[in-house]
Amino acid sequence: MDSQDQKAGEHQQVFRLLNVNGEPHQTGFSVHHSLLEVLREQLNLTGTKHGCELGECGTCTVLIDGQPVLSCLELAAECEGREITTVEGMMNGNDLHPLQEAFADLGAAQCGYCTPGILVTAKALLEENPEPTRDEIVAALAGNLCRCTGYHKILEGVEWAAAKMRGDNDYTPPREAIYGDPLPGEGDSHA
Ligand code: FES
Ligand code: FES
């Protein structure tokens, strides 16, 4: 236990230097607090969402040393010295990450509650595998639940972002992904 750790009331208070989105944060919190709680309540990084707190929904996913982790199950006290990335760290300056662009352009977020966890999980996938198959994307996102979208636009968004990141500018998402299924008799009116 760190020498700066101290008893405070009933809860032991600990102090840790947390590296989040490339910035160091000296942070004090109760020893039992999860990384999710510290990100949202101490560091005001509320992009990471608080869902089930049981490891079942994936809304709380962040990257630790580049790998997706459920922050509701991770003790913040054990995260010192590791590189934590949240959805707030995905932008490059004022530029959206290609995943964020593709999700916005396709309407792949509806209520948006699942979106930060899905974006960081997909980011880790594309960094390891620049050209994933549809099945590989489905497998990577299997722990991220979405109750709104039906997942199609999410999967197409990841495929589109992967193409952009590979420099494949000829790739276009399926027409249905942008306009929806044609109405009866609509034919090629969107062409
Ligand atoms: S809040 Fe962490 S998995 Fe649901
Ligand atoms: S967009 Fe609402 S839960 Fe996924």
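Two strands pair if DSSP finds at least two bridges between them, and with that meaning in mind the legends below describe close-up views of a predicted model.

**View 1. Strand β4 pairs with β5 and also with β6.**
In β6, which covers residues 83-85, the residue I84 is the bridge partner of I64. Strand β4, made of residues 61-64, pairs with strand β5, made of residues 67-70, in the antiparallel sense, and this pairing runs over 4 bridges. The pairing of β4 with β6 is likewise in the antiparallel sense, and it is made over 2 bridges. I64 can be followed into both pairings, since it stands opposite Q67 in β5 and has I84 as its bridge partner in β6. In a regular strand the side chains alternate between the two faces of the sheet.

**View 2. The turn of the hairpin formed by β4 and β5 contains D65.**
How many residues lie between β4 and β5 in this hairpin? There are 2 residues between the two strands, and D65, which is in the turn, has a positive phi of about 50°.

**View 3. The whole protein is shown as a setting for the other views, with 6 helices and 6 strands.**
Read from the N terminus on, the elements follow the order β-β-β-α-β-β-β-α-α-α-α-α. Along its principal axes, the C-alpha trace of the protein spans about 70 × 30 × 30 Å. The protein has 191 residues, and 36% of them are buried. Among the contacts with a separation of 6 or more, 55% are accounted for by residues that are 24 or more positions apart.

**View 4. N21 lies in the loop between β2 and β3, and E53 lies in the loop between α1 and β4.**
The loop that holds N21 comes between β2, residues 11-20, and β3, residues 23-30. The phi of N21 is near 50°, which is a positive value in a residue other than glycine. Is N21 buried or partly exposed? N21 counts as partly exposed because it has 18 C-beta neighbours inside 10 Å, whereas a residue is buried if 20 or more other C-beta atoms lie within that distance and exposed if 12 or fewer do. For E53, phi is near 60°, again a positive value in a residue other than glycine. With 15 other C-beta atoms within 10 Å, E53 is therefore partly exposed.

**View 5. Helix α1 packs its buried residues against β3.**
Which residues of α1 are buried? They are L35, L36, V38 and L39, and these buried residues of the helix pack against β3. Just after α1 comes N44, where phi is positive at about 55°.

**View 6. Helix α2 crosses helix α5 at an angle of about 135°.**
Two packed helices are described by the angle between their axes and the distance between the axes. For α2, residues 98-106, and α5, residues 152-166, the axes are 8 Å apart and the angle is about 135°, so α2 is oblique to α5. Their crossing is right-handed. On the side of α2 the contact is made by P98, L99, A102, F103 and L106, while α5 contributes K153, E156, G157, V158, W160, A161, K164 and M165. Sorted by class, this contact of α2 with α5 has 9 nonpolar residues, 1 polar residue and 3 charged residues.

**View 7. Helix α3 also packs with α5, with the axes 11 Å apart.**
Helix α3 is made of residues 115-128, and its angle with α5 is about 40°, so the two helices are oblique to each other. The crossing of α3 and α5 is right-handed. The residues that make the contact are I118, A122 and L126 of α3, together with I154, V158, A161, A162 and M165 of α5. How do these residues divide by class, and which classes are absent? The contact of α3 with α5 has 8 nonpolar residues, with no polar and no charged residues.

**View 8. G107 is in the loop between α2 and α3.**
G107 counts as partly exposed because it has 13 C-beta neighbours inside 10 Å. In sequence, G107 and T149 are 42 residues apart, and in space they are 9.1 Å apart from C-alpha to C-alpha.

Definitions and conventions:
Residues are numbered from 1 along each chain as its sequence is written. Chains are lettered from A and ligands numbered from 1 in the order in which they are written. This is a predicted model: local features need pLDDT of at least 70, side-chain atom pairs count only at pLDDT 80 or more; totals for chains, interfaces and linings use all residues. Two residues are in contact if their C-beta atoms, placed from the backbone, lie within 7 Å. Axes are lines fitted to C-alpha atoms, for helices over the stretch in contact, and angles run from 0 to 180 degrees between N-to-C directions. Angles under 35 degrees count as roughly parallel, over 145 as roughly antiparallel, 65 to 115 as roughly perpendicular and the rest as oblique. A crossing is left-handed if the near helix is turned anticlockwise from the far one by less than a right angle, and right-handed if clockwise. Ala, Val, Leu, Ile, Met, Phe, Trp, Tyr, Cys and Pro count as nonpolar, Asp, Glu, Lys and Arg as charged, and the others, Gly among them, as polar.
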